[in-house]
Each structure stands twice: as structure tokens, then as C-alpha cells.
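Please look at the sequence and the structure below, and then follow the paragraphs through two helix contacts and the confidence of the model.

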Amino acid sequence: MDEAVGDLKQALSCVAEAPAVHVEVLQRGGSTAKKEDIKLSVRKLLNRHNIVFGDYTWTEFDEPFLTRNVQSVSIVDTELKAKDPQPIDLSACAVALHIFQLNEDGPSSENLEEETENIIAASHWVLPAAEFHGLWDSLVYDVEVKSHLLDYVTTTLLFSDRNVDSNLITWNRVVLLHGPPGTGKTSLCKALAQKLTIRLSSRYRYGQLIEINSHSLFSKWFSESGKLVTRMFQKIQDLIDDKEALVFVLIDEVESLTAARSACRAGAEPSDAIRVVNAVLTQIDQIKRHSNVVILTTSNLTGKIDAAFVDRADIKQYVGPPSAAAIFRIYLSCLEELMKCQIIYPRQQLLTLRELEMIGFIENNVSKLSLLLSEISRKSEGLSGRVLRKLPFLAHALYIQAPTVTIEGFLQALSLAVDKQFEEKKKLSACV
């Protein structure tokens, strides 16, 4: 028995020691080069750069073929699970290449025609969409939210491929992200759909993202809402029937569609609401049989969601306000962007939190600005990710108002903008 356990531990350690490294290759929009030719050239590029330190992107190439056909080559997601990032030897890893082109068309509307009106029931994107490019990297979380979501879909596909009996082991292809407003739940759903379309590009030719307009499905005519939900999901079923497409159904603020029975108990208008939640649950049960669909939902008010829907969610992931460490990373990405655009000038190197830890947070000429940013990050705790991304703009608009500024001047303005944000929150709370 002990020997069998030892063999199992050794097998698991071998798996852990050889993680896959994902490389995303963005093919230029006008390029007609074959994917196999691009893969061959990218592998030559990677062979010349065997050792990498975390995520890395090439946008300039020595090889003319890559210059003509490829916009960027990116080693991605190496830090999702690594608490202590180490150099990566690509020659010792399984390298997965994902080649994709961005769809520039933007969203279209899915309409449901009624006798007296035309209801915009959903927005529809073909993925990968230019609109969502870079969104995944811009979202910063403390816990392993991103890796958990990627692992969930990987397991879903594995169980489907191996024909696991769903009567014995159930999974519903439903993800529920919940937490306070402004924490990036909806953006994370869209970014996940984009990421998975790229990650699974060898399996599915393209992705489809349908964002349901929950509020529009409540008809002003009594008893019609349940029928509208059913008709909306019939349109989604048509998309799912294309097995070359990976289909994502996004229901934002899902409590607006699935709060029916609690409303009934409260004595509110129950009949139509019950029809809606029953229609949603029935449609989910029907489409979950298909291996090429994932249902992504968000909620700010999980206590109001019907229990039957919550039970159907395979993953119930809390997404909360960022910690000081996550805020530091958000601000750092904002400062890098402003330096790239030369609004902050001249460019200066900022240390990461890990580098500050390595020097024991000792202040010197190199660490001074990074320590100031760390201090601003700590006093920003309590602000949502949505607000944090606005603060660099507000700092410039309120306290700088000049084409360029030094990084010292910008950090002072950012600190003032944080203080002002908390003052405004306090005033708003006093008015409630």
C-alpha cells in the first residue's frame, strides 16, 4: 500500500514539474499565411530564447516572414499559479502554440420581434474580438480566480471527451461570479470567453459570445417573459448546433432573471417571475448536454438568486475588492502605459512588490518612487477596481493639466486623487 502511494506521489510530482507553457500568436489581420508555417517560424524564435522570466511579448522580429504575418508572440499566464516565479526553461516544457486573428466587426444585436415592439434581447460577438484584446491581462486579482476558471473549463472538456457518465458525475457548464459592484465580474466573463477561444483555437474555429439583456426579457405584457426567455435560448441553440463554434452565454446580474421564488414569497407579482425562472432553468438543463457551450453569470446580490439556479452553478467564485498588493499591480500597469504614451516623461524604472520585498523595503534612490506607490496602494484599499482604473485619469485632469509630467509629480497627483475619492464617498454616504 505504501509503495502504491509513493508511486502516485511521484507521478503527481512529475506532472507538476512539467507544466505546459502557453504561447499566443496574434496573426496580422491581412495575413493569409498558413498556421503551420507560422508555427514553424515561432518555434524557431522560441528555440533562440530558451530561458524566459515570466510572461514576455515579442512585437519585433528578425525574420521577415514573422514581420509580415505576425503582430505579436506572447508567452502568457506563467504567473497565474506561481507564488514564487522562477525562470522557465522552454526546452523542458510542453509548449502550446495558439495562433489567432482578431475579429474587428464589433457586436451585433439579437432581436425578438413582438407585435408592438422590437426587443433587443442580447448582444452578440464573434471571438476573438478586437474589443476584448488585452482585457484578460488588465484584470488583477489576489486569489487564483483566473487559473481556477481556466482549469474548470479544461476539466469540463476532458470529462466530455472521455464520455464520463453525467448521470453518475454531474457538471452543468455554469459559472457564477459574485461580489460587490465594480470588481470586474462582467469584464472577467468576457475576457474568459476570449481567452478560451484562443486557448482552444485548434479545436474550435471561432467563438460566439451572447450577452443576454436580462431586463429586456421582462415583457410589459403579463405572462410573456417566460416565452421571451425560451425564444432567446432557441436562438442560442442554433449557434450551439455549429460544432466548430465554442459558445458562451453571458447573463449579467442573473438575479434579475432568477429571483422569482423569493419574490413570490415576499408577496410581489409572482406568476410571470416564476415562469421566467422556470424557463431559464429548463433551457440551462437542455443546452448543458452540448460540449461546446459554457454559461457565464454574474451577481451583486447572491441572496436573491433562486436556490435551484445556485445549485446548477459548478463554480461559485467570489470576486471582491482588490488588496493593497493587487492595487499596486493595477497602478503599476497604469503608470507603464502613461510612460509608454509619454504623458509621464522621462521614463523611470519602477520596482515590483517582489523586488521591494527582496531588498527589505529599504528606501534608496532606486526604490524611493516604488515605495511611494506602495504607500498610495495601501491607502487605496476599499476602492473598487473600476474606480482604481479611473484614478490616473482623474489625477491628471484635476491636479496636472499639462501634456507631460514627471513620475514624481504624477504620484503626488495620484495620492491627492485617492484622498479626494474617499472624501466624496464619505459625502455621498452622509446624503443617503
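In this predicted model, helix 5, which covers residues 145–161, and helix 6, which covers residues 185–199, have axes that come within 11 Å and cross at roughly 50°. An angle from 35 up to 65 degrees falls among those counted as oblique, and helix 5 and helix 6 are therefore oblique to each other. Their crossing is right-handed. On the side of helix 5 the contact is made by Val 145, Lys 146, Leu 149, Leu 150 and Val 153, while helix 6 brings Leu 188, Leu 192, Lys 195, Leu 196 and Arg 199. Sorted by class, this contact of helix 5 with helix 6 has seven nonpolar and three charged residues, with no polar ones.

Further along the chain, helix 15 (residues 385–399) packs with helix 16 (residues 407–431) at an angle of about 115°, their axes being 8 Å apart, and the two are therefore roughly perpendicular to each other. Helix 15 passes helix 16 in a right-handed crossing. Among the residues that make the contact are Leu 391, Pro 392 and Tyr 399 of helix 15, and Phe 410, Leu 414 and Lys 420 of helix 16. By class, the contact of helix 15 with helix 16 has 13 nonpolar, two polar and one charged residues.

How far the details can be read depends on confidence. The protein averages a pLDDT of 87, and 89% of the residues score at least 70. Among its elements, helix 3 (residues 64–69) has the highest mean pLDDT, 98, whereas helix 1 (residues 2–17) has the lowest, 46. Over residues 7–17 the pLDDT is below 50, and this stretch has zero contacts in the model beyond near neighbours in sequence. Where pLDDT is low, predicted coordinates should not be read in detail.

How values were computed
Residues numbered from 1 in each chain as written. Predicted model: local features only at pLDDT ≥ 70, side-chain atom pairs only at ≥ 80, totals over all residues. Heavy atoms only, no water. Axes fitted to C-alpha atoms, helices over the stretch in contact; angles between N-to-C directions. Helix = DSSP H or I, 4+ residues; strand = E, 2+ residues; numbered from the N terminus. Parallel < 35°, antiparallel > 145°, perpendicular 65-115°, else oblique. Left-handed = near helix turned anticlockwise from the far one by under 90°. Contact = heavy atoms within 4.5 Å. Nonpolar A, V, L, I, M, F, W, Y, C, P; charged D, E, K, R; others polar. pLDDT = per-residue confidence, 0-100.
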